[in-house]
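Let's take a walk through this model together, with the ligand site as the main stop and two residues elsewhere in the chain to finish.

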Amino acid sequence: MEQNGVIQPPAAVLEVLDRLESAGFQAWCVGGCVRDSLLGKRPFDWDIATSAFPQETQACFAGEQIIEIGLSHGTVALVRKTGHPVEITSFRVETGYTDGRHPDSVVFSRCLKDDLSRRDFTVNAMAYHPKRGLVDLFGGKEDLKQKILRCVGEPAERFSEDALRILRCLRFSAQLGFTVEENTRRALWQAKSLLSGLSQERVREELTKLLCGEYAAGVLREYAEIVFEVLPQLAPMKGCTQETRFHCYDVWEHTLHAVDHAPKSPELRWAALLHDSGKPAKKTFSPDGVAHFYGHPPESGRLAREILGRLRFANRQKEQIALLVDHHEDRLPMEEKHLKKLLGQYGEEEVARLFELMEADMSAKAPGIYELRLPDLEASRTLAREILSRGDCLTLKGMALDGKALRDMGVPVGPEIGKILRCLLDEVLEGKLPNEKALLMERARQLMQNRAEDAQ
Ligand code: ATP
Ligand code: MG
């Protein structure tokens with residue numbers, strides 16, 4: 001794609017540039033792909049900006065598959081059989097956001113300079129053309145070299161036009177490890193109260209990218225109070241000391257270390273951020289002055305669901321994250337029956353993630369704790385692999401007896417069938433009962449009899 005900062009757009013992008021230009025328009029690669037190429041990284045996707053207005057762009061690609069992803073903002077995506085869709089956006093002028101949320105109006109322009117001026121940071125405001133080279137009106141290339149994030153234009157104005165830029169600034173700092181230029185940083189802090197007006201979906205996207213950044217922990221540490229502006233439930237963690245021999249940091253600092261050690265997936269990074277959020281509310285002391293946090297996992301789980309729900313996470317992802325939080329303190333080494341229940345209820349992938357979270361958590365505690373706890377964690381990982389490779393029964397589906405067999409034995413259709421099956425499964429998971437049809441039937445008969453007697 002590129003070598004030593006030389007930008008080589010893929011053929012599909014070159015073709016799009018060509019097509020627009022032969023129709024008499026200007027077309028440039030802009031934004032993240034230029035930034036990433038100059039950094040020697042392979043761009044995730046290629047955005048094209050053009051002097052063509054949206055209808056004109058559509059006309060250039062008549063007959064091809066086009067998605068109007070943001071036509072009112074001037075964006076169309078061109079879908080080709082191979083590769084990523086290429087997004088083409090008409091040059092736009094910044095028009096201001098009186099509510100800090102929606103642009104007041106969208107005004108298209110024929111002028112590249114207008115379009116670059118409305119972009120957020122100098123490193124994101126460069127354009128590149130394979131024949132015409134780099135257009136860098138705001139010193140973006142130098143800022144890239146110096147690893148600096150600097151607003152295009154007057155920072156205070158830019159943050160008040162769109163408060164999301166505050167989070168974007170933290171996000172790019174977390175992804176790239178860049179420092180924030182002083183004027184931009186001052187404006188960032190001054191504008192933080194504007195964050196409350198943002199749509200939760202936009203906040204979620206930027207926070208998730210921030211959390212998955214290589215430098216996330218440092219950014220969360222430096223800008224904690226800005227993050228608390230959008231996640232106020234986390235504020236009590238900072239300064240919540242942990243007077244126990246297992247910990248050497250307060251809850252917030254421990255959390256930052258856990259985030260840093262967690263693999264960079266959205267689920268694990270969010271779970272690491274939230275796993276101890278319930279601690280401040282659950283803190284108590286025993287007479288010897290030792291701090292305890294009894295019952296904090298369900299409290300953290302409750303907060304996680306509240307926070308992720310407010311950020312409009314899809315239910316499935318919300319639960320995946322919250323379950324990790326719920327179970328992060330489960331006893332190690334795990335007992336076989338507990339591990340089987342987790343595997344049966346949540347699946348192999350989620351349990352593997354739980355172990356990753358536990359590992360990140362223990363590596364963020366007092367010196368020596370990690371080495372002390374790791375063998376128990378590894379034993380649980382090994383046991384999970386054994387259970388899975390043996391093909392042990394973990395779910396109702398895996399049982400050698402099903403609802404139909406119970407009906408044939410005379411259990412009436414209704415909730416009773418489910419109750420008996422779950423009871424049998426529990427006993428199978430606990431190792432009290434082999435998963436064999438004849439034995440399951442015999443035990444089912446006993447259970448039916450007990451229930452009948454209880455009912456009398
Ligand atoms: P990524 O690689 O994560 O996609 P990106 O720089 O491409 O990074 P996008 O969110 O895709 O980020 O935005 C594309 C470009 O649009 C940015 O590089 C920037 O120039 C501009 N941009 C996006 N959002 C804003 C905003 N809120 N204010 C100003 N400019 C923005
Ligand atoms: Mg992008």
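What follows is a short report on the ligand site and on two buried residues. Please keep in mind that this is a predicted model.

**The ligand site**

A good place to begin is the pocket: the space that ligand 1 takes up is the largest pocket. Around ligand 1 there are 14 residues, and the closest of them are R35, D162, R165, R168 and R171.

What is the make-up of this shell by class? Charged residues account for 10 of its members, with three polar residues and one nonpolar residue besides.

Two helices stand out on the way around the ligand. Both α2 (32-38) and α7 (164-176) supply at least two residues each to the shell. The largest share, four residues, comes from α7.

Three of the polar approaches to ligand 1 are set side by side here.

| Protein atom | Ligand 1 atom | Distance |
|---|---|---|
| G32, backbone N or O | oxygen | 3.4 Å |
| D120, backbone N or O | nitrogen | 3.2 Å |
| R168, polar side-chain atom | oxygen | 2.9 Å |

How much of ligand 1 does the protein bury? On its own, ligand 1 exposes 590 Å², and the protein buries 79% of that.

**T208, a residue in a helix**

Moving away from the ligand, look for T208, which is part of helix α9 (residues 200-211). Is T208 buried or exposed? Its relative accessibility is 14%, so T208 counts as buried, the cut-off for buried being under 20%.

The side chain of T208 takes part in two contacts that are easy to find on screen. Towards the backbone, the T208 side chain reaches the oxygen of R204 at 2.8 Å. Towards another side chain, T208 is joined to W270 by a polar contact of 3.0 Å.

**L401, a residue in a loop**

The last stop is L401, and where does L401 lie? L401 belongs to the loop that runs between α19 (369-390) and α20 (403-408). Although L401 is in a loop, L401 is buried, because its relative accessible area is 1% and buried means under 20%.

If you would like a landmark for L401 further along the chain, try A444. These two residues are 43 residues apart along the chain, and their C-alpha atoms are separated by 9.6 Å.

**To sum up**

Ligand 1 takes up the largest pocket and has a shell with 10 charged residues. Elsewhere, T208 is buried in the model at 14% relative accessibility, and L401 is buried at 1% relative accessible area.

Methods
Residues are numbered from 1 along each chain as its sequence is written. Chains are lettered from A and ligands numbered from 1 in the order in which they are written. This is a predicted model: local features need pLDDT of at least 70, side-chain atom pairs count only at pLDDT 80 or more; totals for chains, interfaces and linings use all residues. Side-chain values use heavy atoms; hydrogens and water are left out. A residue is near a molecule or strand if one of its heavy atoms lies within 4 Å of it. A polar contact is a pair of N or O atoms within 3.5 Å; within protein, one must be able to donate a hydrogen and the other to accept it, and residues adjacent in sequence count only if both atoms are side-chain atoms. Accessible areas come from the Shrake-Rupley method with a 1.4 Å probe; for residues, only the protein chains shown count as cover. On a 1 Å grid over the protein atoms alone, a cavity is a set of points where a 1.4 Å probe fits but cannot get out, and a pocket is an open set with protein on both sides within 12 Å along at least five of seven lines; lining residues have an atom within 4 Å of a point. A molecule sits in a cavity or pocket if more than half of its atoms lie within 2 Å of its grid points. Ala, Val, Leu, Ile, Met, Phe, Trp, Tyr, Cys and Pro count as nonpolar, Asp, Glu, Lys and Arg as charged, and the others, Gly among them, as polar. Buried means under 20% relative accessible area, exposed over 50%, partly exposed in between (1.4 Å probe, protein chains only).
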